[in-house]
Amino acid sequence: MAGSGRKTFSPGDVLTSSDVQNYLMDQSVMVFAGTAARTSAIPSPSAGMVAYSTATSLQVYNGSAWVDLSTGYGVASGTAASSTAITVSSVNYTLLTFTADSNLVVSKAGLFDVLMFGGGASGGYASNTGGTGASGGGGAGGMVQATVYLAATTYPITIGAGGSSALTLLGNGLKTSLGSVISAIGGGVGYGDQDTFYYQGNQGGGGGGAGRVFATGGKGLQGFAGGGGVYPVGTNAGGGGGVSAVGGNGSGTTGGAGGAGFDVSAFISGGTLFKGGGGGGAATITAGAGGSSIGGAGSTGATGSNAAANTASGGGGAYGAPGTGGSGGSGIFYIRYRT
């Protein structure tokens with residue numbers, strides 16, 4: 001039986017049997033016919049209050065909103081997103097996967113688990129007129145995994161584009177974001193030698209691999225650093241940093257391999273699926289492999305390999321004069337809630 005809501009007793013009040021029944025016995029957990037009745041009875045709830053309504057089941061007030069007491073998770077849907085029922089460690093979830101710009105519509109406020117990757121960067125561009133240019137692999141897009149509280153509203157989802165083939169030094173990946181709540185930055189472009197100028201590799205989610213004569217790759221800000229080139233004299237470039245490991249250094253006649261990506265299978269349930277591998281560095285004889293086999297491979301020729309869409313991986317470096325790095329792969333966004 002539904003109770004009478006909350007009542008504040010004053011000194012001298014007579015506690016009747018009806019009071020005991022309606023304010024104590026019937027609402028050790030307060031019971032309401034719906035959220036409107038709950039709001040009417042408790043216009044200013046305090047953090048920690050527990051109530052049951054036929055519309056929401058058992059909930060607790062967390063200081064800003066009523067959330068499910070059993071899980072605290074909300075409910076959402078996505079325009080242009082796939083929705084899948086999954087089970088992880090005996091817990092049931094709904095998983096939403098976004099591979100393009102869209103909207104997340106939160107119909108019930110609560111907690112959500114997020115796994116997101118920015119766009120991977122392109123491999124570097126080499127224009128050394130002496131014909132010995134070798135460019136580093138692109139860094140992977142940054143990775144962020146977190147549990148966030150989302151209010152019941154609509155949030156724009158932006159999927160970071162991969163860096164385009166680096167005919168210039170502007171091949172960084174772009175960020176993936178959940179509105180203004182949280183974001184994963186893009187990867188850092190791999191660098192090569194530009195005639196008399198030599199480059200380290202740009203910082204990013206994963207750092208870009210260095211050109212052939214620079215000892216250190218770019219820093220990883222939401223991933224790992226890129227590898228260095230053969231130093232002080234050499235012709236082979238470093239691999240781009242991945243989200244799980246640094247890019248390899250160039251050595252001898254071999255370009256550095258791209259850093260390893262992250263296996264998302266534990267989050268999305270099932271299989272083995274990597275995201276965020278670094279691109280391989282270019283070389284004279286043996287180019288560097290793409291990280292976790294999803295980053296673009298480096299090349300011994302004038303064009304590095306592209307990373308596939310939605311892998312958040314770096315493109316491969318190139319060798320030649322000029323040599324054009326492969327494009328980075330666009331990012332991806334996963335969000336799940338308990339069901």
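# Exercises on two open sheets

In this predicted model, strand S8 is joined to strand S12 (residues 154–158) by four bridges, and the two strands run antiparallel. Strands (E, at least two residues) and helices (H or I, at least four residues) are DSSP runs, numbered from the N terminus. Two strands pair if DSSP finds at least two bridges between them.

Residues are numbered from 1 along each chain as its sequence is written, and side-chain values use heavy atoms, with hydrogens and water left out. Because the model is predicted, local features need pLDDT of at least 70 and side-chain atom pairs count only at pLDDT 80 or more, while totals for chains, interfaces and linings use all residues.

**Exercise 1. State how many helices and strands the protein has, and what percentage of its residues is buried.**

Step 1. The secondary structure comes to three helices and 20 strands.

Step 2. A residue is buried at under 20% relative accessible area, exposed at over 50% and partly exposed in between (1.4 Å probe, protein chains only). Buried residues account for 52% of the 339 residues.

Step 3. Contact means heavy atoms within 4.5 Å. Of the contacts between residues at least 6 apart in sequence, 52% join residues at least 24 apart.

**Exercise 2. Give the strand order of the open sheet that contains S8 and S12, and name its edge strands.**

Step 1. The sheet has five strands in the order S5-S8-S12-S13-S14, with antiparallel pairing.

Step 2. Strand S5 (75–79) and strand S14 (182–184) each have a single partner strand, so one side of each is left without a neighbour in the sheet.

Step 3. From one strand to the next, the twist averages 15 degrees. For such angles, axes are lines fitted to C-alpha atoms (for helices over the stretch in contact), and values run from 0 to 180 degrees between N-to-C directions.

Step 4. S5 and strand S8 (residues 102–108) pair in the antiparallel sense over five bridges. Ala76 has Val106 of S8 as its bridge partner, and Gly78 stands opposite Leu104 in S8. On the pairing of S8 with S12, the bridge partner of Val105 is Thr154 in S12.

**Exercise 3. Decide whether Ser102 is buried or exposed, and list the residues that Ser102 touches.**

Step 1. Ser102 belongs to strand S8.

Step 2. Its relative accessible area is 10%, so Ser102 is buried.

Step 3. Leaving out residues up to four places away in sequence, Ser102 touches Thr79, Ala80, Tyr155, Pro156 and Ile157. Ser102 and Pro156 are 54 residues apart in sequence, and their C-alpha atoms are 6.1 Å apart in space.

**Exercise 4. Describe the open sheet that contains S20, and explain which parts the aromatic pair of Phe98 and Phe333 ties together.**

Step 1. This open sheet of five strands has the order S6-S7-S20-S9-S11, with antiparallel pairing. Its edge strands, each pairing on one side only, are strand S6 (82–88) and strand S11 (143–150). Neighbouring strands are turned by 25 degrees against each other on average, direction ignored.

Step 2. Strand S9 (residues 110–117) and strand S20 (residues 332–338) run antiparallel and are joined by five bridges. The bridge partner of Phe117 in S20 is Ile332.

Step 3. Rings of Phe, Tyr and Trp (its six-membered ring) pair if their centres lie within 6.5 Å; planes under 30 degrees apart count as stacked, over 60 as edge-to-face and the rest as tilted. The structure holds four aromatic pairs. One of them joins Phe98 and Phe333, edge-to-face, at 5.6 Å centre to centre and 70 degrees between the planes. Phe98 lies in strand S7 (residues 91–98) and Phe333 in strand S20, so the pair ties together parts that are 235 residues apart in sequence. Both Phe98 and Phe333 are buried.

Step 4. The ring centres of Phe112 and Tyr337 are 5.9 Å apart and the planes stand at 75 degrees, so this pair is edge-to-face. Because Phe112 lies in strand S9 and Tyr337 in strand S20, the pair ties together parts 225 residues apart in sequence. Phe112 and Tyr337 are both buried.

**Exercise 5. Locate Asn310 in the structure, and identify the backbone oxygen that lies 2.8 Å from a polar atom of its side chain.**

Step 1. Asn310 lies in the loop between strand S18 (274–275) and strand S19 (323–324). With a relative accessible area of 16%, Asn310 is buried.

Step 2. The backbone oxygen in question belongs to Gly331.

Step 3. Beyond four places away in sequence, Asn310 touches several residues, including Thr99, Ile159, Gly331 and Ile332.

Note on methods. A polar contact is a pair of N or O atoms within 3.5 Å; within protein, one must be able to donate a hydrogen and the other to accept it, and residues adjacent in sequence count only if both atoms are side-chain atoms.
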